[in-house]
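Trainee: I have a model open and I'd like to learn how to read it. Can you walk me through some features?

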Amino acid sequence: MSAQVRLALAQFDFTVGAVAANTTKIRELMTRAHAGGADLVVFPELAISGYPPEDLLIRPSFLQACNEAIATLAQGTNGLAALVGFPHSEGEVYNAAALLREGRIDCVAHKQALPNYGVFDDKRYFRPGHASATGMVNGVRVGFLVCEDIWEPEPAAQAARSGAELIIVINASPWDDAKQATREALLVARAKETGCAIVYLNLVGGQDEVVYDGASMLVNGDGSIAARAPAFVDALLWATFDPATRTLSAQDWPVAADTRPEAVLYAALVRGIRDYIDKNGFPGVLLGLSGGIDSALTLALAVDALGADRVTAVMLPTRYTSKLSLDGAREQAERLGVAYHVIDIEPTYQSFLAALTPAFAGKAADTTEENLQSRTRGVMLMGLSNKHNHLLLATGNKSEMAVGYATLYGDMCGAYAPLKDVYKTVVYRLARWRNEAVMGEAECGKRESGFGKAGSRAAVARANPDSRFPIPVEVIDRPPSAELREDQTDQDSLPPYEVLDAILKRFIEDEQSQAEIAAAGFDPDTVRRVAMLVLRNEFKRRQAAPGPRVTTRAFGRERRYPITSGWK
């Protein structure tokens, strides 16, 4: 009878292009796995190169470095087997997983199913493999698959026909708000079809507009879920496979403190901000703090991602900025302990108007003057960003970006937009959840949720319960407004956000026609107007900052519509 197999699963982040650093991290984790008695240590898809390396895969020098790295790692396998994802170049380029042991590359599995939808572009770079690879690990035959291979029945079935008792699939599967349930159903189905237990190891970390959640899983041969790893947590996960029962067991896996949808989404946004800023080498961030909910949530996210000492907030008032906005912004900045500046832009705005007045002669005031206020703020914020080398965060949300309720070179200024894929109604949910979460921090007084500086904020909350919330309640409860004219609210220009977001989700995520949306009970004129705004404002979105993808249909590399189009 075969012995049990002890596994170490490296649910970690591997930075795109950082071949030397990734190789060093893999080597260190191999050492840890060997010291812990692992028979096999497993790394995510393309761990050597990071995922997705995109057009780096066209550079011969990059491919050569990856091949040299995998050969070097193979030489360091003494008494340990390692499954490592890498781009395999041998005339053609394959998305591959190499089984390393006894100082050599024992076998290589080539990814067979190449995704070319959503954020994926594998067919641009890779050739498909043609067979599932298997190998013996401590007397157990194991099948090795790469990511999309598990989403189609044949690769897993082929591994089972080759005698595999256990299937290990390495992944770089990006997170969105519907992904986990789909993954689980798929893995359960594959286990039941093949009778094989399945180890699902996923990458974790932010890469430009994509966020990987980890959330690795163990599935028994009968299709039951043996273990779930938490999302957005780096960890070396230990597990044991029993071939007699085809079951897997986890040893001391970390447990998520909060698995509610808002908690996981918030963690995704925090991880996206932290990795984008740190991987690009910025010492900190700044943002315009308006006293509204979008900038308030962005500030809380930035502090949780980076710590208060790396975040600067700037209030840029004009005559239209209300006392509620001034008080709310200052109060939040003080609660979170960030550097805070107030720069009155009214004189600068008036000087712009004065310079333009001769060229505006004969034209009535309209949104041009309103947008000029926003663009004045953009100039100021970009100047501060340049001077202090702090990355500017844009604070707009998906609802605004969808319908163009945003000003080019104004509030759209920024190098990263944390809420770019978050609808306005979800912004409210996240803000309320974050305020609820601080109460838990106050109880425990330590960092359990993965957010920066939780302990210090907990102490403030215990000492002064009235100021425990990171986002002032008054900011959440107020009617949303751009404050570019007297008594302005967003609903002067847009339908109520509950209606707008419901229509947008059907039009964008579900690709429903205007007729289908109207048939679901929405006012046809409102549907037509919203759809026209979405189609008309593609040119703005093309110029928008990148931001973390967290829905099934994000603007940017996933939803790509033509700017010039006769389709209405």
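Mentor: Sure, and keep in mind that this is a predicted model. Let's start at the surface: F352, L356 and V379 make up a nonpolar patch there, and together they have about 230 Å² of accessible area.

Trainee: Where does F352 sit, and how do I class its exposure?

Mentor: F352 belongs to helix α9, residues 346-356. Partly exposed covers what lies between under 20% (buried) and over 50% (exposed). F352 has a relative accessible area of 32%, so F352 is partly exposed.

Trainee: Now the sheet. In what order do the strands run?

Mentor: The order is β18-β17-β16-β19, an open sheet of 4 strands with parallel pairing. An edge strand pairs on one side only, and here the edges are β18 (339-342) and β19 (391-392). Strand β16 (residues 285-288) pairs with β19 over 2 bridges, in the parallel sense. V285 has L391 in β19 as its bridge partner.

Trainee: Which helices pack on the sheet?

Mentor: Helix α8 (residues 323-336) is one of them: it touches β17 (311-315) and β18, and its direction makes about 160 degrees with that of β18. Helix α10 (residues 367-388) touches β16, β17 and β19, with about 170 degrees between its direction and that of β16.

Trainee: What about Q251: which residues does it touch?

Mentor: Leaving aside residues up to four places away in sequence, Q251 touches R6, W238, A239 and T240. Q251 lies in strand β15 (residues 247-251), and with 25% relative accessibility Q251 counts as partly exposed. C-alpha to C-alpha, Q251 is 9.5 Å from A227, although 24 residues separate them in sequence.

Technical notes: Residues are numbered from 1 along each chain as its sequence is written. This is a predicted model: local features need pLDDT of at least 70, side-chain atom pairs count only at pLDDT 80 or more; totals for chains, interfaces and linings use all residues. Side-chain values use heavy atoms; hydrogens and water are left out. Patches are made of residues with over 30% relative accessible area and no salt bridge: like charges are joined within 9 Å, nonpolar side chains (Val, Leu, Ile, Met, Phe, Trp, Tyr) within 5 Å. Accessible areas come from the Shrake-Rupley method with a 1.4 Å probe; for residues, only the protein chains shown count as cover. A salt bridge is a side-chain nitrogen of Lys or Arg within 4 Å of a carboxyl oxygen of Asp or Glu. Buried means under 20% relative accessible area, exposed over 50%, partly exposed in between (1.4 Å probe, protein chains only). Two strands pair if DSSP finds at least two bridges between them. Contact means heavy atoms within 4.5 Å. Axes are lines fitted to C-alpha atoms, for helices over the stretch in contact, and angles run from 0 to 180 degrees between N-to-C directions.
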